Amino acid sequence: MTDQELLEAIQYSLMEPPDLGATYPSGLWTAAEMLDYANERQNRFLKASQLQVGSANITAVIGVHRYALPDDWLTTVALTWQGADGTVNTMDRSDSFETDHGLPDWGITRGTPQVYMDEDSPLLTIQVAPAPIANGVFSLLYIPQGAHLDGTGEQITLDPEYTLPVLKYGILADALNKDGRGKTPAKAAYCELRYQLGIEMSQILLRGWV
């Protein structure tokens, strides 16, 4: 499904004249903010459901703690250290507070990387502790961003079964919760519930609990 088809379905739900999401004659919403809602909700769903996983190799250098993440990174699924000396280690997620207490000398020592930090480091960077004692590679599994929806017929990243039944309701929840004459809290809450149920459904299917 394309972004235009999705936006037109939303226009029908909001009783706006259907024109592939180009205009909103009521004046309650704009095409630009609907596209913002669509992109944000698509990425939120991808991050929460983890239905789509990407991979990347990050070259590691002796003594370096911080590395750049892929430009389309949303969240890390797993990180594995593969040293040139043959060492392989699956790393755990941590944060700076936890690492400071669990590995108090991580900032001044080198060794086999044990943990990674991607939430409290600068945007699109990942920090490892301790710094590698040898050159090597970090094998990264991560959730990538979806295709950027710009209203020109871009293909939506989600499978069709998650687009109208789930993504549409997330967008409607944002639109109906916007301050102004169109704000309808009860309808927005219902749409948010449908969106959250879609996330739960995706997680159940991913785990094979049918």
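**Entry 1. The cis peptide bond**

I started at proline 130, which sits in the loop between strand S8 (125-129) and strand S9 (131-132). The model I am reading is a predicted one. I looked up the peptide bond that runs from alanine 129 to proline 130 and found it cis, with omega near -10°.

**Entry 2. Two leucines with positive phi**

Just before S8 I stopped at leucine 124, in the loop between strand S7 (115-117) and S8. Leucine 124 is not a glycine, yet its phi is positive, about 60°. I noted a relative accessible area of 25% for leucine 124, so I entered this residue as partly exposed.

I then went to leucine 20, which belongs to the loop between H1 and H2. Here too I read a positive phi, about 65°, on a residue that is not a glycine. Leucine 20 has 38% relative accessibility and therefore also goes down as partly exposed.

**Entry 3. The largest nonpolar core**

Next I listed the largest nonpolar core, which has 31 residues. The members that touch the most other members are Ile10, Leu14, Trp29, Met34, Phe45, Leu158 and Ile171. I asked which elements give two or more residues to this core, and the list is helix H1 (3-13), helix H2 (31-49), helix H4 (160-176) and helix H5 (185-207). H4 gives the most, with 9 residues. I also recorded another core apart from this one, of 14 residues, with Tyr67, Ile126, Leu140 and Tyr142 among them.

I looked at leucine 158 on its own. Setting aside residues up to four places away in sequence, leucine 158 touches Gln42, Phe45, Leu46, Thr163 and Leu167.

**Entry 4. Methionine 34**

Is methionine 34 buried or exposed? I read 0% relative accessibility; buried means under 20%, so methionine 34 counts as buried. This residue lies in helix H2. Without its neighbours within four places in sequence, methionine 34 has contacts with Leu7, Ile10, Leu14, Tyr24, Trp29, Ile171 and Ala175.

I also took one distance along the chain. Isoleucine 62 is 28 residues from methionine 34 in sequence, and their C-alpha atoms are 46 Å apart.

**Entry 5. H2 against H4**

I checked how H2 and H4 pack. Their axes come within 9 Å and cross at roughly 125°. The cut-offs put 65 to 115 degrees as roughly perpendicular and over 145 as roughly antiparallel, so H2 is oblique to H4. The crossing of H2 past H4 is right-handed.

From H2 I listed Met34, Tyr37, Ala38, Arg41, Gln42 and Phe45. On the H4 side they meet Tyr162, Val166, Leu167, Gly170, Ile171, Ala173, Asp174 and Ala175. I sorted this contact by class and got 10 nonpolar, 2 polar and 2 charged residues.

**Entry 6. H1 against H4**

I repeated the check for H1 and H4. Their axes come within 10 Å and cross at roughly 65°. The crossing is right-handed.

H1 brings Leu6, Ala9, Ile10 and Ser13 to this contact. H4 brings Thr163, Leu164, Leu167, Lys168, Ile171 and Leu172. By class I have 7 nonpolar, 2 polar and 1 charged for the contact of H1 with H4.

Looking back over the lists, I marked Ile171 of H4, which appears in the contact with H2, in the contact with H1, and among the core residues that touch the most other members.

Terms used
Residues numbered from 1 in each chain as written. Predicted model: local features only at pLDDT ≥ 70, side-chain atom pairs only at ≥ 80, totals over all residues. Heavy atoms only, no water. Core = buried A, V, L, I, M, F, W, Y, C linked by side-chain atoms within 4.5 Å. Buried < 20%, exposed > 50% of the residue type's maximum accessible area, 1.4 Å probe, protein only. Helix = DSSP H or I, 4+ residues; strand = E, 2+ residues; numbered from the N terminus. Contact = heavy atoms within 4.5 Å. Axes fitted to C-alpha atoms, helices over the stretch in contact; angles between N-to-C directions. Parallel < 35°, antiparallel > 145°, perpendicular 65-115°, else oblique. Left-handed = near helix turned anticlockwise from the far one by under 90°. Nonpolar A, V, L, I, M, F, W, Y, C, P; charged D, E, K, R; others polar.
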